[in-house]
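Hi there,

Here is the structure I promised to pass along. Have a look at it first, and then read on for what turned up.

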2 protein chains.
Amino acid sequence: MARGRPRTFDRAAALRQATMLFWQYGYEGTSVAELTKRMGINAPSLYSAFGDKRALFDEVVETYGQSFGSFVAVALQEEATAREAFARVLREAAAVYTDPEHPAGCLVISATTNVSPKDDDVADAMRELRRSNLDGFRERVETDVAAGRLPAGTDAHALAVYYATVVQGMSQQARDGASAADLAAVAELAMASWPAG
Amino acid sequence: MARGRPRTFDRAAALRQATMLFWQYGYEGTSVAELTKRMGINAPSLYSAFGDKRALFDEVVETYGQSFGSFVAVALQEEATAREAFARVLREAAAVYTDPEHPAGCLVISATTNVSPKDDDVADAMRELRRSNLDGFRERVETDVAAGRLPAGTDAHALAVYYATVVQGMSQQARDGASAADLAAVAELAMASWPAG
DNA sequence: TACCTTCCTTAGCGAACAGTACAAAAAAGG
DNA sequence: CCTTTTTTGTACTGTTCGCTAAGGAAGGTA
C-alpha cells in the first residue's frame, strides 16, 4: 500500500510553520510565496498537500484551536465555579499571548481583522468562531446562575461580552508589546468586576 | 493667483471617503483601485493630490484623530477626576464604535492589525500612536494620584493598560457586531474595577 | 485672442499575487 | 523488468497590486 512517490517533507511540521506565519501576519498578510519559503516546500507541494491557501488556513485554525487555543474551553469546563473559570482563562491568556515561543496574541482574534472585500468569507468564518466562543462564555455564566452560585438577576450576556472584550483587548495589547506581567495585572483588575456573590 | 486648471473634486470629501474605506478594510485591505472608485477620481488625481497610498493613509489617520478619535483626549482633559474621565471615555467609545454612520470600531486600533512584512513601518507608526494614547491614560491616572484623588500606591501603568485593553476590546467587539447597548454594559462593568477611593 | 499652468483621461509599467501544466523522479504492484 | 501512482522542481499562467508617462482639456492671466 501507499502507492506512488512518498512526500519528502513533514506535513505536520509544515502546517506548524504555516500557523506561525498566519499568526504573525494574518490571512492576507501572508503570501503563498512566504508560506512555501517558511515551510521549505514548493508551491505545487503546498497545493497538493493542503488544497489552496484558504484550505490551509482553515486547517491551521482548526489545529490552533486544538492546541494553543484549547486552554479556554478546558478552563471553562474544569473549574468548579464560573468565577474561577474566567479567572483562569484570563490568567492563562496573559501567559499564552505573550509566550515568546510563538507570535503574540490570538490567531483567531487577530488574523482576519483587515481583509479586502474579496476575502469577506474568511473574515465571516472567523467572526463566527469568535461568536461561538462568546456563547461558551455566556453558557458558563448561565450554568452558575442556574446553580445558585450567581444572583438570579445576573446578566449572563453582558458578563460574557465583557470578558470576551477583555480577552480580545489582551490579544491586541500583547501584539503591541505588552508583557506577561502587564496582562496578568489586567486579568486581576478585570476580575474585580465579577458580581458579588 | 491659483494658476492653472482648478481641481474638479472636493479634496476634503475625497479624504472622507478614503477614511471610510481604510476604516472598514484596513491599510492593506484597501486597494488604490477601490480608493479611486469610492473617491470618484482617477489614480493620477489621487497621487497628485495626496502623494501616494501611504501619505493618503497618514492624512486619513491625522484627520481621524482630530474628529472621530478626539473624544478620548477631550474626555481626559475636561473631566474633573480620572474616574469620571475614564468612565466618559468608555461610555463614548461604546457609542462612537457602533455608530452606523461609519464603519465599526476604531481605525487606529484595527487598520493595521494584519499587514505583510513589507508594510511593517505603517504598523509600527500606528503602534506608536496607540502607545502615546496609553501614555495619556497613565498620565491622567498619575495626575489624580498626585492630587490625592487616588491612593498613593495606585499602579498607574497597570490601570492605564487595563482601560486601554478594554477600549481595544470594545473596538473589536463592535467590529464583530456588538450593539451600543452591549458595549455600554461593558463600560459599566469595566468601571467596577476602579480602585476604591 | 493667445498663452501658461495645472488637472484629467487613457493607457500601461514592472512586480507581486494565487494558482497550475508539465515532465522528471521515486516509490509500490504486477 | 515494466506499469502505475504520487510527489517533485521548473517554469509559467492570468490577475491585481501600487504607481506613472503622455497628451489633451480647462481654467486663469495677459
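Before anything else, one cut-off: two residues are in contact if their C-beta atoms, placed from the backbone, lie within 7 Å. With that in hand, let me start with one helix of chain B; please keep in mind that this is a predicted model.

**Helix α1 of chain B**

Helix α1 of chain B runs over residues 11–25. Its 15 residues reach 21 Å from the first C-alpha to the last, close to the 21 Å expected at 1.5 Å a residue. Which of its residues are buried? They are Ala14(B), Ala18(B), Thr19(B), Leu21(B), Phe22(B), Trp23(B) and Tyr25(B). The cover over the buried residues of α1(B) includes α2, α4 (53–66) and α7 of chain B. After α1(B) comes Gly26(B), and its phi is positive, near 85°.

**Chain A as a whole**

For the overall architecture I looked at chain A. It has 10 helices and zero strands, and its pattern along the sequence reads α-α-α-α-α-α-α-α-α-α. Taken along the principal axes, the C-alpha atoms of chain A fill a box of roughly 65 × 40 × 35 Å. Chain A has 197 residues, of which 42% count as buried. If you take the contacts in chain A between residues at least 6 apart in sequence, 63% of them join residues at least 24 apart.

**How the two protein chains meet**

On the interface, 37 residues of chain B are in contact with 38 residues of chain A. The elements of chain B that give two or more residues to its side of this interface are α7 (107–110), α8 (120–146), α9 (156–175) and α10 (180–191). The largest share comes from α9(B), with 11 residues. By class, the side of chain B that touches chain A divides into 18 nonpolar, 13 polar and six charged residues.

How are the two copies related? Chain B is superposed on chain A by a rotation of 180° with 0.0 Å of shift along its axis, at an RMSD of 0.1 Å. That is the relation of a two-fold axis. Within chain B, the C-alpha nearest the axis belongs to Gly169(B), 2.0 Å from it. The same surface serves both copies, as 100% of the contact residues of chain B recur in chain A.

**The two DNA strands**

Around DNA strand C there are 27 residues, and those that come nearest are Arg5(A), Ser31(A), Lys53(A), Gly4(B) and Arg5(B). At least two residues each of the surface near strand C are supplied by α2 (32–39), α3 and α4 (53–66) of chain A and by α3 of chain B. The most comes from α3(B), with four residues. This surface divides into 11 nonpolar, eight polar and eight charged residues.

DNA strand D is surrounded by 26 residues, the closest being Gly4(A), Arg5(A), Arg5(B), Ser31(B) and Lys53(B). Here the elements that give two or more residues are α3 (43–50) of chain A, together with α2 (32–39) and α3 (43–50) of chain B. For strand D, α3(A) gives the most, with four residues. The classes on this surface are 12 nonpolar, seven polar and seven charged residues.

Happy to talk any of this through whenever it suits you.

Best wishes

Note on methods. Residues numbered from 1 in each chain as written. Chains lettered and ligands numbered in written order. Predicted model: local features only at pLDDT ≥ 70, side-chain atom pairs only at ≥ 80, totals over all residues. Near = placed C-beta within 6 Å. Nonpolar A, V, L, I, M, F, W, Y, C, P; charged D, E, K, R; others polar. Least-squares fit on C-alpha atoms with pLDDT ≥ 70 in both. Buried ≥ 20, exposed ≤ 12 C-beta atoms within 10 Å, placed from the backbone. Expected span 1.5 Å × (residues − 1).
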